[in-house]
Amino acid sequence: MPRARTSRIAGFYNLSLPERLEQAAIAAGLDDEWTAMYRVAGGLEPGQAEHMIENVVGIFGLPLGIATNFLINGVERLIPMVIEEPSVVAGASYMAKLARASGGFLAESDPSEMIGQIQVLDLPDPNQAAERILAQEDALLAQANLADETLVSLGGGARSIEIRILEQTAAGPMLIVHLIFDTLDAMGANSVNTALEKLAPSIAQLTGGRTQLRILSNLADRRLARARCQVAVKSLAFDEFPGEQVRDGIIEAWAFADADPYRAATHNKGIMNGVDAVVVATGNDWRAVEAGAHAFAARSSRYRSLSTWSLGKQGQLEGTLELPLALGTIGGATRVHPLARANLALLGVQHARELAEIVAAVGLAQNLAALRALASEGIQRGHMELHARQVAIAAGAEGELIERVARQMVASDKINLEAAGEFLRAEEAC
Ligand code: MEV
């Protein structure tokens, strides 16, 4: 797999779209076969889309940008991000630039252990049923391993069984079997669900109970990824805002999020702006990642921040992020969608854990970008400049006129379709 020789591409923002692709391909060592995939509109042919879901009538495009400057565990990474929201790619790139001056991001991840659940009902004695299951753990694991012999031959497969008894539910007591299953480089939903379906009849026989749901849990809390970074206080200064003020504002913003679920939801949404953009770009299941992240954020019975920001010993800002990331680099859309494959090549990743570490680093960078803006000038100025461009396009501006109309809207503080139409007509009349 090629690897980025550098993620610092001078003036990347100012290049034309084809030049950006060319420069990114050079930096990442991608040849023409890969770059050709970026030139297909939407990155996907209708014929390919038809094999992915039902009743296909078209392809819905989203912008794919590349975030620069990322140094993660000492490795240069260009980051593909699919997202419709302005400022996200620029914010991640800029924060990565600030973090790389202090060594970039350090990240680590757990093994790819997913949890599959089997619901067992109508048990006269759930505790006795639990004992019976655990007494047969080895035989049950061997049976579960029949679900994916290739995965097992590569070192993955069933690891252990855990039992949870839910004494009080709306449907009475129930016993829940957790099958812990290492899916290696796959997200793993298919292997886990197949293993659960194989196992359920034996569980019913062993316990005398009735097995009902057999499905993986998206609270993948045995498959966590963590990232951390430091930013020197002087790099946080901008315009009239001193670095100390921005740093302390970021720590106060984090404290707010950690104490208040209303703020935590928005704070974590900012993290997921970065996380989801890479998850989508690599063809992974972003709904699974979203569900897991928010359930994990509420693990203490209160919904809290997924990140932490604190003051370091030398006065620097220190950040950490931890969240479940059930991602794959094989299987599903990661292999079927040509651009997902190209984006994995651009990232230079082969393994799911490596991808999860990158995604955690991008989430942390994105969180920092949002908090830095919120703790100083607010996010609206940057947002409005980019929003103005979208309004200009909606009003019919093309090419250079987009920028010119947008600039006039921002300068006159009138960012709406009517104003865009007026500025556009005036420009066209020139
Ligand atoms: C907007 O998409 C994300 C933010 O609201 C995140 C935050 O408030 O931390 C800016």
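User: What counts as a polar contact, and how far is an oxygen atom of the ligand from an N or O atom in the side chain of R263?

Analyst: A polar contact is a pair of N or O atoms within 3.5 Å. In this predicted model, an N or O atom in the R263 side chain lies 2.8 Å from an oxygen atom of the ligand. E85 places a polar side-chain atom 2.6 Å from a ligand oxygen, and for K269 the corresponding distance is 2.7 Å. The protein covers 87% of the 300 Å² of accessible area that the ligand has on its own.

User: Which elements give two or more residues to the shell around the ligand?

Analyst: They are α10 (261–281) and α14 (352–374). Helix α10 gives the most, with six residues.

User: How do the residues of the shell divide into nonpolar, polar and charged?

Analyst: Three are nonpolar, four are polar and three are charged. The residues surrounding the ligand include T266, H267, G270, N273, A370, L374 and I379.

User: By what are two packed helices described?

Analyst: The description consists of the angle between their axes and the distance between the axes. Here, helix α2 (residues 32–39) packs against helix α13 (residues 338–347) at an angle of about 130°, and their axes are 9 Å apart.

User: How are α2 and α13 oriented to each other, and what is the handedness of the crossing?

Analyst: Angles over 145 degrees count as roughly antiparallel and those from 65 to 115 as roughly perpendicular; α2 and α13 are therefore oblique to each other. The crossing in which α2 passes α13 is left-handed.

Conventions: Residues numbered from 1 in each chain as written. Predicted model: local features only at pLDDT ≥ 70, side-chain atom pairs only at ≥ 80, totals over all residues. Heavy atoms only, no water. Near = heavy atom within 4 Å. Polar contact = N/O pair within 3.5 Å; in protein donor to acceptor, adjacent residues only side chain to side chain. Areas by Shrake-Rupley, 256 points an atom, 1.4 Å probe, with all protein chains shown as cover. Helix = DSSP H or I, 4+ residues; strand = E, 2+ residues; numbered from the N terminus. Nonpolar A, V, L, I, M, F, W, Y, C, P; charged D, E, K, R; others polar. Axes fitted to C-alpha atoms, helices over the stretch in contact; angles between N-to-C directions. Parallel < 35°, antiparallel > 145°, perpendicular 65-115°, else oblique. Left-handed = near helix turned anticlockwise from the far one by under 90°.
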